[in-house]
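Colleague: Got a minute to go through this model with me? I'd like to start with the contacts and then move on to the empty spaces.

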Amino acid sequence: MKQTEPINTVDKAETRRGFLQLHLSVLLAGFTGLFGRLITLNEVDIVWYRMLLTSAILLVFTGLPRVGWRKFLQLCGCGALLGFHWILFYGSIKASNVSIGVICFSLIGFFTALFEPIIFKKRFSALEFLFSLITVAGVLCIFSLDARYRYGIAIGVVSSAVCALYAICNKKVSVGVRSRTVLMYQMSGGLLIVSAIIPVYLWFFPSQQPVVVVPEGTNLWFMLCHALFCTVGMYLLQIQALKRLSAFTVNLTYNLEPCYTIILAFLIFGEGREINFSFYLGIALILLSVLLQSMKALRKG
């Protein structure tokens with residue numbers, strides 16, 4: 001008994017540290033949707049410049065650390081998934097509004113509960129799936145919103161599925177690599193792959209705005225802040241949290257991101273005028289699913 005107590009104490013301390021890093025990253029993520037509205041560029045331009053500026057910032061601080069070719073390609077693949085998720089995420093916001101775009105992100109827990117057992121070849125967790133179904137029920141309540149938002153909701157659902165794949169794969173390929181190095185190669189390698197994906201995306205989803213626009217004025221400053229705080233800061237914290245917590249716990253906790261973003265969107269853009277009772281019920285169910293999973297993880301830790 002005396003030998004196991006220090007180990008358990010360390011495990012719990014690491015779990016608490018992981019939750020602290022996770023919730024700080026979620027708080028920063030809450031501003032992502034706002035930048036998607038504030039920046040008037042097309043979603044393709046937003047993502048391309050976000051990855052470019054983030055790569056440049058990280059290059060200054062990390063240089064080009066050596067990693068094996070296999071690891072480099074894996075990191076690039078994760079970066080491509082992240083970039084594709086961003087394109088769909090901003091596309092959802094442009095097609096609806098900030099609140100709808102970020103609330104669809106809540107389905108990431110549901111998709112993680114489906115994908116993670118397959119990728120990591122572990123047992124399917126009925127309890128995790130139950131928690132994610134509570135989130136699905138919350139999103140279904142929000143689905144009753146005005147029909148004009150359903151196109152944006154559909155894009156947002158696909159975006160959350162892609163993001164779930166990113167988080168799961170990121171947990172797998174980032175083992176043994178420093179967080180800054182992981183993010184550096186994901187951003188720079190992902191930028192190259194996303195550049196190739198963009199023409200295909202525009203073929204299926206023609207843009208109503210000019211493409212390949214150089215940001216200037218307020219757009220430039222918003223992009224720089226977006227890259228520094230909501231990308232570099234947020235994802236470094238997320239990668240560190242993933243080393244201490246499961247991908248499901250991280251993804252489900254990110255369901256809190258819409259709550260932060262929606263409060264800010266209500267205050268800044270006045271989106272509360274478009275919301276009805278079913279929306280608030282959906283938010284309550286999403287918060288319940290996060291609370292239940294957090295309690296389960298802390299007990300286990």
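Colleague: What does Gln 186 touch, leaving aside its neighbours within four places in sequence?

Modeller: This is a predicted model. In it, Gln 186 is in contact with Met 51, Leu 75, Cys 78, Gly 79, Tyr 166, Asn 170 and Leu 191, once neighbours within four places are set aside.

Colleague: Where does Gln 186 sit, and is Gln 186 buried or exposed?

Modeller: Gln 186 belongs to helix α9, residues 179–204. Gln 186 counts as buried because its relative accessibility is 0%, and the cut-off for buried is under 20%.

Colleague: Tyr 166 was on that list. Which helix is that in?

Modeller: Tyr 166 is in helix α8. Its relative accessibility is 1%, so Tyr 166 is buried.

Colleague: And what is Tyr 166 in contact with?

Modeller: Beyond four places in sequence, Tyr 166 contacts Cys 78, Leu 81, Leu 82, Gln 186, Tyr 235 and Gln 238. Cys 78 is also among the contacts of Gln 186.

Colleague: How far is Tyr 166 from Ala 247, C-alpha to C-alpha?

Modeller: The separation is 10.0 Å, with the two positions 81 residues apart along the chain.

Colleague: What about Val 173, where is that and what does it touch?

Modeller: Val 173 is in helix α8 too. Apart from residues up to four places away, Val 173 touches Lys 71, Gln 74, Leu 75 and Cys 78. The C-alpha atoms of Val 173 and Gly 77 are 9.9 Å apart, although the residues are 96 apart along the chain.

Colleague: Buried or exposed, Val 173?

Modeller: Buried, because the relative accessible area of Val 173 is 9%.

Colleague: One more in α8, then. What does Ser 159 touch?

Modeller: Ser 159 lies in helix α8, residues 150–173, and touches His 85, Leu 88 and Phe 89, not counting residues up to four places away. Its relative accessible area is 2%, so Ser 159 is buried as well.

Colleague: Let's step back. How many helices and strands does the chain have?

Modeller: The protein chain has 13 helices and 0 strands.

Colleague: What share of the residues is buried?

Modeller: Of the 301 residues in the chain, 52% are buried.

Colleague: And what part of the contacts is between residues far apart in sequence?

Modeller: Taking contacts with a separation of 6 or more, 91% are between residues 24 or more positions apart.

Colleague: Now the empty spaces. How many cavities of 30 Å³ or more are there?

Modeller: The count is 1 cavity of 30 Å³ or more. The largest cavity has a volume of about 160 Å³.

Colleague: Which residues lie nearest the centre of the largest cavity?

Modeller: His 85, Phe 105, Met 234, Tyr 235 and Glu 257, out of 18 lining residues. His 85 is one of the contacts of Ser 159, and Tyr 235 is one of the contacts of Tyr 166.

Colleague: Which helices supply at least two residues of that cavity's lining?

Modeller: α4, α8, α10 and α11, the last being residues 247–253. By class, the lining of the largest cavity has 12 nonpolar, 4 polar and 2 charged residues.

Colleague: And the second largest pocket, what is its volume?

Modeller: The volume of the second largest pocket is about 180 Å³. The pocket is lined by 13 residues, with Glu 43, Gly 91, Lys 94, Tyr 201 and Pro 206 nearest its centre. The elements giving two or more residues to this lining are α4, residues 69–95, and α8.

Colleague: Which gives the largest share?

Modeller: α4, with 3 residues. By class, the pocket lining has 6 nonpolar, 5 polar and 2 charged residues.

Colleague: Back to α10. Where is the kink centred?

Modeller: On His 226, with a kink of about 30°.

Colleague: How far apart are the end C-alpha atoms of α10?

Modeller: They are 34 Å apart. The helix covers residues 218–242, so its 25 residues should span 36 Å at 1.5 Å a residue, and the two values agree.

Colleague: Last one. Is Leu 24 buried, partly exposed or exposed?

Modeller: Leu 24, in helix α1, counts as partly exposed because its relative accessibility is 41%. Its C-alpha atom is 9.3 Å from that of Gly 233, which is 209 residues away along the chain.

Definitions and conventions. Residues numbered from 1 in each chain as written. Predicted model: local features only at pLDDT ≥ 70, side-chain atom pairs only at ≥ 80, totals over all residues. Heavy atoms only, no water. Helix = DSSP H or I, 4+ residues; strand = E, 2+ residues; numbered from the N terminus. Expected span 1.5 Å × (residues − 1). Bend = angle between axes of the 7 residues up to and from the residue. Buried < 20%, exposed > 50% of the residue type's maximum accessible area, 1.4 Å probe, protein only. Contact = heavy atoms within 4.5 Å. 1 Å grid on protein atoms, 1.4 Å probe; cavity = no way out; pocket = protein on both sides within 12 Å on 5 of 7 lines; lining within 4 Å. Points joined across faces, edges and corners; volume = space filled by probe spheres on them. Nonpolar A, V, L, I, M, F, W, Y, C, P; charged D, E, K, R; others polar.
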